[in-house]
Amino acid sequence: MAFERDLLALLPRLRRFAASLSRNPADGDDLCQASIERALKSRDHWQAGTRLDSWMYRIMRNLWIDEVRARTRRSQTFVAEEGGLAVGNDGDKQTEMAVEIGNVGRAMEKLPAEQREVIALVLVEGFAYKEAAEILDIPIGTLTSRLCRGRDALMVHLGEAA
Amino acid sequence: MKIDRETLMAYADGELDYMSAKRVERAMAAQPELAEQVAAHRALRTTLANHFAPVIDAPLPERLTTPLDETVVRLRGAPQRLFFFQVKSLAALAAALVIGLLLGQTIPFGGSEPVGNQEGRLVAQGDLVRALDTQLASTQSGDAATRIGLTFRDREGQVCRTFDGAALSGIACHVAGRWHLKRTSAREEQETPAYRQAGSAYMMEAAQRMMAGDPMDADAERKAMDSDWE
């Protein structure tokens, strides 16, 4: 069926978006899976002829925001879990890579959710400002100011500030 | 000339119209620090893009592709209870696919073989087409060679029918004047009643997944036939 086929074709991009929103690949795939299930369930709401990718990004983003809010409520538990995740990553090379991967990931994670989703859509997924603003349902001025602040913060965290 | 930060960023992202971009470029020529900021914006974009790029080429995990795989019947409702049936049915499905492709290649036109191959798709042909076209579940005779089970519309609005024949059972959907076989299961000789039941449960489960709304009643089935299953 065309719907499933088109979703399958979008999957690598959706997975990347999920990865840029989430703290680790496993969380990213959880988000991706939940988004696919939601999309299949609410396929009747998608209008043929409109962009499936924007629709899917919106679904994923909304699920993620729900998760972020839920997580904020139980943040104590998650801090402990995160401490545990760093353990057991042995081998020099692997550690080195993990640190490097971690830099961008950690910098992203420090961003407030509303900056992070904007960064992910524009800088990682390559959406134009207008498209990203439509996905997030915010005015374009709001998008550019969040993008600007998010970028400044990332540059500071990554040590790339001039 | 004063260029605000957001305008500079928009320039770095290629979001400015021609006139605004020219204005920024003139300012950059006069103020090298602006050019540096543009370079920093672009470097950050590259860093982020490179960081997440490997995800695009990474093999997709099954848990993400399976819900979208049209050839696998989804059994999310009660996976454990039906697991045994699923494995057996999938083997039958694979066998039926092979049989279907062979039949399609060796007997491409007409004939009484139930399955043909049209542009790589399995389609019903011969007697199976006649059964799908003309048989109503409500009026078919008990000893019909192929029995029609449910008739329903799938989520794309196509009319689909489950059928159960001597050699093959399955689900066919009416697409552009042909009956496309969406699910097939080969019947084995000397099949035990239990297995036959499992195969039938598998088809019902598959039909349920494909269905938009309820299956047609006798009246709706007749109306669908009268409008050529469109």
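Here are some notes on this two-chain model, point by point.

1. **Ground rules.** This is a predicted model, where local features need pLDDT of at least 70 and side-chain atom pairs count only at pLDDT 80 or more, while totals for chains, interfaces and linings use all residues. Residues are numbered from 1 along each chain as its sequence is written, and chains are lettered from A and ligands numbered from 1 in the order in which they are written.

2. **Chain A at a glance.** Chain A has eight helices and zero strands, so its pattern along the sequence reads α-α-α-α-α-α-α-α. Helices here are DSSP runs of H or I with at least four residues, strands are runs of E with at least two, and both are numbered from the N terminus. Of the 162 residues in chain A, 31% are buried. A residue is buried if 20 or more other C-beta atoms lie within 10 Å of its own, exposed if 12 or fewer, and partly exposed in between, with C-beta atoms placed from the backbone.

3. **Chain B at a glance.** Chain B mixes things up with eight helices and six strands. Follow the sequence and you get α-α-α-α-α-β-β-α-β-β-β-β-α-α. Buried residues account for 29% of its 230 residues.

4. **Contacts along the sequence.** Two residues are in contact if their C-beta atoms, placed from the backbone, lie within 7 Å. Take the contacts in chain A between residues at least 6 apart in sequence: 61% of them join residues at least 24 apart. For chain B, the corresponding share is 45%.

5. **One face of helix 7 in chain A.** Have a look at residues 129-136 of chain A, which form helix 7; Ala132(A), Ala133(A), Ile135(A) and Leu136(A) are buried there. They sit on the same side of the helix, because they cover an arc of only 160° around the axis. The arc is that of the directions from the helix axis to the C-beta atoms. A handy bit of background: an α-helix has 3.6 residues a turn, so residues three or four places apart point the same way. What do the buried residues of helix 7 of chain A pack against? Their partners are helix 3 (52-73), helix 6 (113-124) and helix 8 (140-158) of chain A. Right after helix 7 of chain A comes Asp137(A), with a positive phi near 60°.

6. **Where the chains meet.** In the interface, 29 residues of chain B are in contact with 32 residues of chain A. On the chain B side, the elements giving two or more residues are helix 1 (5-12), helix 3 (32-57) and helix 4 (62-65). Helix 3 of chain B supplies the largest share, 14 residues. By class, this side of chain B has 15 nonpolar, five polar and nine charged residues. Ala, Val, Leu, Ile, Met, Phe, Trp, Tyr, Cys and Pro count as nonpolar, Asp, Glu, Lys and Arg as charged, and the others, Gly among them, as polar.

7. **Helix 8 of chain A against helix 3 of chain B.** The axes of these two helices come within 11 Å and cross at roughly 75°. That makes them roughly perpendicular. Axes are lines fitted to C-alpha atoms, for helices over the stretch in contact, and angles run from 0 to 180 degrees between N-to-C directions. Angles of 65 to 115 degrees count as roughly perpendicular, under 35 as roughly parallel, over 145 as roughly antiparallel and the rest as oblique. Arg151(A), Leu154(A), Met155(A) and Leu158(A) meet Ala40(B), His41(B), Leu44(B) and Thr47(B) here.

8. **Helix 8 of chain A against helix 1 of chain B.** This pair of axes comes within 10 Å and crosses at roughly 85°, so these helices are roughly perpendicular. On the chain A side are Thr144(A), Ser145(A), Leu147(A), Cys148(A) and Arg151(A), which meet Arg5(B), Glu6(B), Met9(B) and Ala10(B). The residues of this contact divide into four nonpolar, two polar and three charged.

9. **A loop residue to check.** Leu60(B) lies in the loop between helix 3 and helix 4 of chain B. Is Leu60(B) exposed or partly exposed? It counts as partly exposed, because it has 16 C-beta neighbours inside 10 Å. Leaving aside neighbours within four places in sequence, Leu60(B) is in contact with Leu11(A) and Thr65(B).

10. **Positive phi in chain B.** Ala176(B) is not a glycine, yet has a positive phi of about 50°. Ala176(B) lies in the loop between strand 5 (168-175) and strand 6 (178-186) of chain B, and is exposed, with 8 other C-beta atoms within 10 Å.
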